[in-house]
Amino acid sequence: MTPRFFDDIDWSQAWFAAVREEAQGLLAADDWRAQLNQTAGQSGLSNHLELPLRFITQEELPEGTAYEAHISATGLVPTRENLHDFFNALVWLTFPAIKRQLNALQAAQIAACGIGKSRGPARDAATIFDENAALLVVADTAEGANLITALRAHAWQDAFVTQAEKFGRCAEVWCFGHALMEKLVKPYKAITAHTWVVTVAPEYFELDGPGRRSYIDKMVAQQLAEQALTTADYTPLPVLGLPGWWTQQDAAFYADQQVFRAKRQS
């Protein structure tokens, strides 16, 4: 069989945990596109106008039509045969509520401002979330607050070394951005996510994987619907610094200031 563009992905890596389960069905299918639409149909996925979500070829996108506006108006997601669009489709299957809310935001901005050389701040923030976000889920406790403070202060040694045992116990990271996951197929140390922080009740960490993803999907979608999204909402996260996400995470690894940069003083 001819190798497919996704055959070399190492699905055991922690950064693919969010989409790993949904990927299995596509990987096993002879026709991943057909399986993608079958899964979307069985799950009852729809866009923000309640139009059934389906994945089409890029060639079916009408010339001159904005990608986000087309998804909003039709429920049809143009999808190329490449890693970027493959991960995008997986995120639609995994976090459908967040994706539909992001699409609603993007489409509203296009309708209000048109399509120019600049996306504008609101659409830019939504696109950054869509492409490069990681969801940092932290227990709403004093322990969790200390970890968030360290990360926002770029106190990397404190967050990743001193507080390392919190990851998996009262904190975890889900990769969301499809461009972020595409980069992580061939990981390099400097990959940095735009992090959206989500505080949850400690009981969240008693849920299983699907339960956690469903909870976060609904919660973050509601947050995006209730607040104006700006680029100031994100904090940078060098993802390979997360405890256990890379080999040789020794003192020298975290001492690399080209990656683990100090916070700029305003």
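Strand β4 spans residues 171-175, and 5 of its 5 residues are buried. The model is a predicted one. Both faces of β4 are covered. Ala171, Val173 and Cys175 lie on one side, with Glu172 and Trp174 on the other. In a regular strand the side chains alternate between the two faces of the sheet.

**The sheet around β4**

β4 pairs with β3 in the antiparallel sense, over 5 bridges. Within that pairing, leucine 136 has valine 173 of β4 as its bridge partner. Valine 173 is also one of the buried residues of β4.

Strand β3 covers residues 133-139 and pairs with β5, residues 192-200. Here the sense is parallel, and the bridges number 7. Alanine 134 is matched with threonine 195 in β5.

β5 pairs in turn with β6, residues 235-238. This pairing is antiparallel and holds 4 bridges. Alanine 193 stands opposite leucine 237 of β6.

The pairings can be set side by side.

| Strand pair | Sense | Bridges |
|---|---|---|
| β3 and β4 | antiparallel | 5 |
| β3 and β5 | parallel | 7 |
| β5 and β6 | antiparallel | 4 |

**Helix α10**

Helix α10 runs over residues 209-226, 18 residues in length. From its first C-alpha to its last it reaches 26 Å. That is close to the 26 Å expected at 1.5 Å a residue.

Which residues of α10 are buried? They are Arg212, Arg213, Ile216, Asp217, Val220, Ala221, Gln223 and Leu224. These residues cover an arc of only 160° around the axis, so they sit on the same side of α10. An α-helix has 3.6 residues a turn, so residues three or four places apart point the same way. The face of α10 turned away from the buried side carries exposed residues: Lys218, Ala225 and Glu226.

The start of α10 has a contact of its own. A side-chain oxygen of aspartate 208 comes within 2.8 Å of the backbone nitrogen of glycine 211.

**Two residues with positive phi**

Glutamate 50 has a phi near 65°, a positive value in a residue other than glycine. This glutamate lies in the loop between α2 (32-42) and β1 (54-56). Is glutamate 50 buried or exposed? Its relative accessibility is 52%, so it counts as exposed.

Histidine 154 also has a positive phi, near 60°, and is likewise a residue other than glycine. Its place is the loop between α7 (142-152) and α8 (156-162). Histidine 154 is buried, with a relative accessible area of 15%.

**Salt bridges**

How many salt bridges does the structure hold? There are 11. Three of them are described here, beginning with glutamate 81 and arginine 33.

The side chains of glutamate 81 and arginine 33 meet at 3.6 Å, N to O. Glutamate 81 lies in the loop between β2 (76-78) and α4 (83-94), and arginine 33 in helix α2, so the pair ties together parts that are 48 residues apart in sequence. Glutamate 81 is exposed, at 53% relative accessible area. Arginine 33, at 18%, counts as buried.

Glutamate 50 returns here as the partner of arginine 100. Their salt bridge has an N to O distance of 2.7 Å. Glutamate 50 is in the loop between α2 and β1, while arginine 100 is in helix α5 (residues 96-113), so this pair connects parts that are 50 residues apart in sequence. Glutamate 50 is exposed at 52% relative accessibility. Arginine 100 counts as partly exposed, at 22%.

Glutamate 143 forms a salt bridge with arginine 169. The closest N and O atoms are 2.8 Å apart. Glutamate 143 lies in helix α7 and arginine 169 in the loop between α8 and β4, so the pair ties together parts that are 26 residues apart in sequence. Both partners are partly exposed: glutamate 143 has a relative accessible area of 32%, and arginine 169 one of 39%. The salt bridges here form a network that links Glu143, Glu165 and Arg169.

Terms used. Residues are numbered from 1 along each chain as its sequence is written. This is a predicted model: local features need pLDDT of at least 70, side-chain atom pairs count only at pLDDT 80 or more; totals for chains, interfaces and linings use all residues. Side-chain values use heavy atoms; hydrogens and water are left out. The expected span of a helix is 1.5 Å times one less than its number of residues. Buried means under 20% relative accessible area, exposed over 50%, partly exposed in between (1.4 Å probe, protein chains only). The arc is that of the directions from the helix axis to the C-beta atoms. A polar contact is a pair of N or O atoms within 3.5 Å; within protein, one must be able to donate a hydrogen and the other to accept it, and residues adjacent in sequence count only if both atoms are side-chain atoms. Two strands pair if DSSP finds at least two bridges between them. A salt bridge is a side-chain nitrogen of Lys or Arg within 4 Å of a carboxyl oxygen of Asp or Glu.
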